[in-house]
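Work through the exercises below with the sequence and the coordinates side by side, and try each task before reading its solution.

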Amino acid sequence: GEPICECNSCYGGKDCSEVLTECLADADSGDPLFLEPFWMQHAASSAVVVAGWHRMSYRFDDYSSISEELEKHIRQLHAVIGNAVTDGRFILFGAGSTQLLNAALFGLSLDDSPSPANIVASIPFYPLYEAQTKYFNSMEFKWKGNASLWKNRSDSSGTFVEFVTSPNNPDGRLMKQVLKGPSSKTIFDHAYYWPHFSAIPTAADEDLMIFTLSKLTGHAGSRFGWAFVRDENIYKRMQMYISLSSMSVSRDTQLRALKLLKVVLKENGKDLFEFGPKTMRNRWERISRSFSSSKRFSFRNLSLNIAIIFKISQDHHQRLLTYSWPSAAYAWIKCERAEDQDCNAVLKTASIIGRGGSIFNAESRYVRLSLIKSQDDFDLLIQNIDALVSKEGGVA
Ligand code: PMP
């Protein structure tokens, strides 16, 4: 008879449980919609209403109280979670961490040295660093690729700026800088250093740290991030960048971020930091189960996270312990068969869209699968993985 619900094109039958066609499971982007149900549960308390005549002016001083309030809430949040030391640092807002990463690139490269700063990152790395460095093509900096190649450089090779993503995108590892010494500077991208995606073994205490609302609350579209900068001169140069490129961060966005953080901070973050880690843990359990019988595919990020849990349980950090679990934002998969050199193509035959390793400067034998999209996207991903793995025995 007539279906009792409206099914999407993948499903049919009375209760939409019948699979009609093999639907594409898109696990490509890092759109953090896994947090959407959390905000549905907190719809009223997180809503912002702004009358048309409100906050029209360019002027900062009229509204500075919002920025100050927001700064206070951000510092409080880091203190509660224990993921960053914020004392003795200047704070700077940006249009997402994307703008701040570029501000930091300029801020650290502009110095008295006549030669451009050398910009590096460890493979696999988030491709934006290379793309920004090359696109903005300043006389002050030059992309030099893989950080490890410059470990034994001579003193005369100039200033180095290293992007360190911790936890790393794509593989979720907690990272340290590769380059040491007085001529090397580091930009720490802590987009994923929250209990949803990582154990928090220590509070980050670096000179330049960047965070983003996108992966904390899931509001990627609001374009809001912040940087902590220890050195005043570097802070001022970064401020100059923000000022020249966009004047400042949208007050509408700041207002929304403040409202969201107020909800987050209720009862010391209890609700969000239960929901986030629980959701990610559940997804990791499911995807681990789906791949558990596979010899063709292996995870390249799971064991490291487990090691971190053991370390923490020995230290008796009860609060952190309850949060820790293999829970990285992305599964970093390796195709083990010799003939599966293009792992992304292999997954595509099973209607799974991942992001190929070469995008992260790694081998194309690796693929990143996003685990932070909506529940529907994730369910479809699991369904297609199960179908793919179940065929493994048959096709040699
Ligand atoms: N850094 C890393 C490591 C990311 O994965 C992302 C988003 N995928 C960003 C920065 C940029 O995020 P946003 O500009 O939304 O803050």
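Two strands are taken to pair if DSSP finds at least two bridges between them, and strands (E, at least two residues) and helices (H or I, at least four) are DSSP runs numbered from the N terminus. The model is predicted, so local features need pLDDT of at least 70 and side-chain atom pairs count only at pLDDT 80 or more, while totals for chains, interfaces and linings use all residues. Residues are numbered from 1 along each chain as its sequence is written.

**Exercise 1.** Find the bridge partner of R355 in β15, and place β14 in its sheet.

Solution. Begin with the pair itself: β14 and β15 (residues 366-370) run antiparallel and are joined by two bridges. In β15, R368 is the bridge partner of R355. Next, read the order of the open four-stranded sheet, which is β11-β12-β15-β14 with antiparallel pairing. β14 (355-356) and β11 (297-299) stand at the edges with a single partner strand each, so one side of each has no neighbour in the sheet.

**Exercise 2.** Are α8 and α12 roughly parallel or roughly antiparallel?

Solution. Take the axes, lines fitted to C-alpha atoms over the stretch in contact, with angles from 0 to 180 degrees between N-to-C directions. For α8 (residues 272-291) and α12 (residues 375-390), the axes come within 9 Å and cross at roughly 15°. This makes α8 roughly parallel to α12, because angles under 35 degrees count as roughly parallel and those over 145 as roughly antiparallel. Finally, list the contact (C-beta atoms, placed from the backbone, within 7 Å): α8 contributes R283, R286, I287, S290 and F291, and α12 contributes F378, I382, I385, D386 and V389.

Note on methods:
Angles under 35 degrees count as roughly parallel, over 145 as roughly antiparallel, 65 to 115 as roughly perpendicular and the rest as oblique. Two residues are in contact if their C-beta atoms, placed from the backbone, lie within 7 Å.
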